[in-house]
Amino acid sequence: MAAASPEKRPPRSLFELPSEFFDSSVLLRAHPSTAPSAAEPHEPSRPPPTTQQQQQPSESAGFRWTCNTCAAEFESLLEQREHFTSDLHRLNVKLSIAGKTIIKEEDLDKADSDSVFDDLEISSVSGSEDELENGPASERGLSVKGKEEFRKKLYFRCQSGDSISIWRCILLKEHEEPFIDCKSGLMESASCVQEDEMINRVKRLTCEPRDASHLRIVLLTSGGHFAGCVFDGNSIVAHKTFHRYVVRAKAGKRQSGKDATGKVAHSAGSSLRRYNEAALKKEVQELIFSWKSYFDTCVCAFIYAPSKNRQMLFDGDKTQSVIQACDIRSVTLTVHRPTLKEAKRVYSNLTQLHYEMECSTVDETLSHGENVTSVQQSEGKKKEVAVDSEESISELSVSLELLNKNEEATIKSSKIVTTPLHEAAKSGNAQLTLELLEQGLDPCIKDARGKTPYLLASDKEVRNTFRRFMALNLDKWDWHAADVPSALTKEMEESQAAKQAEKDAKKKARVKELKKLKKAREKEEKEKEKEKAKEERQRKLAEEREKRAAAAERRLAAMAAQSAGTSSAAAANSGQKAAPDDNSCSCCFTSLAGKVPFHRYNYNYCSTTCMHLHSEMLQDD
């Protein structure tokens, strides 16, 4: 071919296109695979098969390729496989499960795809967003629910004849719709953008000056992660990322979501998650407010904040006024964990131009003309094998298997399958993995995500199985292409086992030493406690001795007072000896005449002091 296939042409950045790239370009009403030209936007995506084609099953061959769900027959295995990946087959499978009547391809082409889809109340038959973004253009044909892909992109036909697509969120605001989607009564409304205006917008996009006057901001937040970037064309002006532990381990969801159910946890982890959630919200809002100058001059802001994550951006008067002052647009791509790398990937995809596949060039789906010849030769071989009715059934099945393998080899570039070796490695079955490798399964084959069986193995024993097999069969496969890092021999395993045993012995000795240190520390603590208890007892004994000394001093003072009172009483009575009686104090023998005595048991006292002193004296005796 003179020109490279559009499917193989890499995407280009809109800011790197020449200013005259969109001159004389035309907006297409449908995907290029369903609309050969802009003048005929409603052509069916698949022409209905003719009667001759329908009546051409390989009856003479003795076998057929059919689809029981769609009641269809095919001339080759390749056509059957293409049918299984079509939207018509997916729709009929869902209709069959729902107990409804299937639709034939002729009826689907005649009817309006949107009305058929809505009347049958069947969900989308298209693949996931990853398939829509990453799948080849030939597998993204719009038949039944193709409007879901079409509503995310705008399709143009350039002056060079190439069909291209760009994400419509890069040109249109949230409330705007292109004229091809507007209803008849809204064609003149402000929200309906005409074709000329869209062409002018995309032209202005390629001619934007890089002087920080046409900024675009990307804000991604989810699961405690936040990433924000300010772009000027393809260059980054500013960026910032945050991460806080706010998601409950294993249980999932934020702590605030769990608290909203009424079951409020009071653990240390829940308190930490509540604090981190408030701290992350504060950090993000402070960042947005500090980027106010960027928001004032930006063209638009692409925001990804699912569920309650939007509160982090809009729950605040300052941040809400800053963000809502600019044009807010949602991200139409699948967003992974918000990081700087993810923000750059999202922005790069949104600002890229993609070349679309044309349905008119059917033969261009094969990379070389030799592939077409090989497929035709394989079909001819199948017919020759089928015509020979004298061959046995077993020989026929073997021949068909060989032809199928040859045919699979011709379409290997476009059909990637998962082998049993992938499944065994992914499930962690080391024995089955070894058996499959011994049977000759290729460990270099990659699955749809571009991973070899070794990369899918999460179990260490399975990975060691690949390495042991590599050691025994170094020349059998390209182990570098299989992503197996190195061979694992018996000597290496024995060396590793010896190192591990030495490591375990050191660890055991260390644990033993730690136990000894712990016992010594505990013994030392017990001795300190004993010394402390002994000191406490000595302190109490000293206090008791001091109390006894004080009591002895008080007794001596009382006896001195008593002797002094006796002498004075003797002098007053002219030498007559006084004896204690009911009219005298039992402690100091002072007369109680004219006084109100204090009584305690059978004793009388002149004062409370004498009563206490006499009580202590009696206790000492």
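This is a short dialogue on reading a predicted model, from its sheet to its helix and cores.

Student: Let's start with the open sheet of five strands; what is the order of its strands?

Tutor: In general, strands of a sheet pair through backbone hydrogen bonds, either parallel or antiparallel. Here the order is E11-E10-E9-E12-E13, and the pairing is mixed.

Student: Which strands stand at the edges?

Tutor: Strand E11 (235–243) and strand E13 (328–330) do; each has a single partner strand, so one side of each is left without a neighbour in the sheet. Direction ignored, neighbouring strands of this sheet are turned by 15 degrees against each other on average.

Student: How many bridges join E9 to E10, and which way do they run?

Tutor: Seven bridges join them, and the two strands run antiparallel. You can also pick out Ser 222, which stands opposite His 225 in E10.

Student: Let me zoom in on Val 230 in strand E10. Is Val 230 buried or exposed?

Tutor: Val 230 is buried, with a relative accessible area of 0%. Setting aside residues up to four places away in sequence, Val 230 touches Leu 215, Arg 216, Ile 217, Ser 235, Ile 236, Val 237, Ala 238, Trp 291 and Tyr 294. Take Trp 291: it is 61 residues from Val 230 along the chain, with 9.1 Å between their C-alpha atoms.

Student: Now for a helix. Which residues of H14 (residues 340–350) are buried?

Tutor: A general idea helps first: an α-helix has 3.6 residues a turn, so residues three or four places apart point the same way. In H14 the buried residues are Glu 342, Ala 343, Val 346, Tyr 347 and Leu 350. Seen down the axis of H14, these fall within an arc of 130 degrees, so they line one face of the helix.

Student: What do the buried residues of H14 pack against?

Tutor: They pack against strands E6 (163–167), E9 (215–222), E10 (225–232), E12 (298–304) and E14 (352–355).

Student: Which residues have the most contacts inside the largest nonpolar core?

Tutor: Ile 166 and Leu 353 do, in a core of 40 residues. Apart from it lies another core, of 23 residues, including Leu 215, Phe 226, Ala 238 and Cys 298. Leaving aside neighbours within four places in sequence, the contacts of Ile 166 include Leu 14, Phe 156, Val 202 and Leu 353.

Student: Finally, where does UniProt place the ANK repeat?

Tutor: The unreviewed UniProt entry places "repeat: ANK" at residues 419–448. In the model, that stretch is 60% helix and 0% strand, and its end C-alpha atoms are 11 Å apart.

Technical notes. Residues are numbered from 1 along each chain as its sequence is written. This is a predicted model: local features need pLDDT of at least 70, side-chain atom pairs count only at pLDDT 80 or more; totals for chains, interfaces and linings use all residues. Side-chain values use heavy atoms; hydrogens and water are left out. UniProt positions are given in the numbering used here, feature names are shortened, and annotations may be inferred rather than shown by experiment. Helices (H or I, at least four residues) and strands (E, at least two) are DSSP runs, numbered from the N terminus. Buried means under 20% relative accessible area, exposed over 50%, partly exposed in between (1.4 Å probe, protein chains only). The arc is that of the directions from the helix axis to the C-beta atoms. Contact means heavy atoms within 4.5 Å. A nonpolar core is a set of buried Ala, Val, Leu, Ile, Met, Phe, Trp, Tyr and Cys residues joined through side-chain atoms within 4.5 Å. Two strands pair if DSSP finds at least two bridges between them. Axes are lines fitted to C-alpha atoms, for helices over the stretch in contact, and angles run from 0 to 180 degrees between N-to-C directions.
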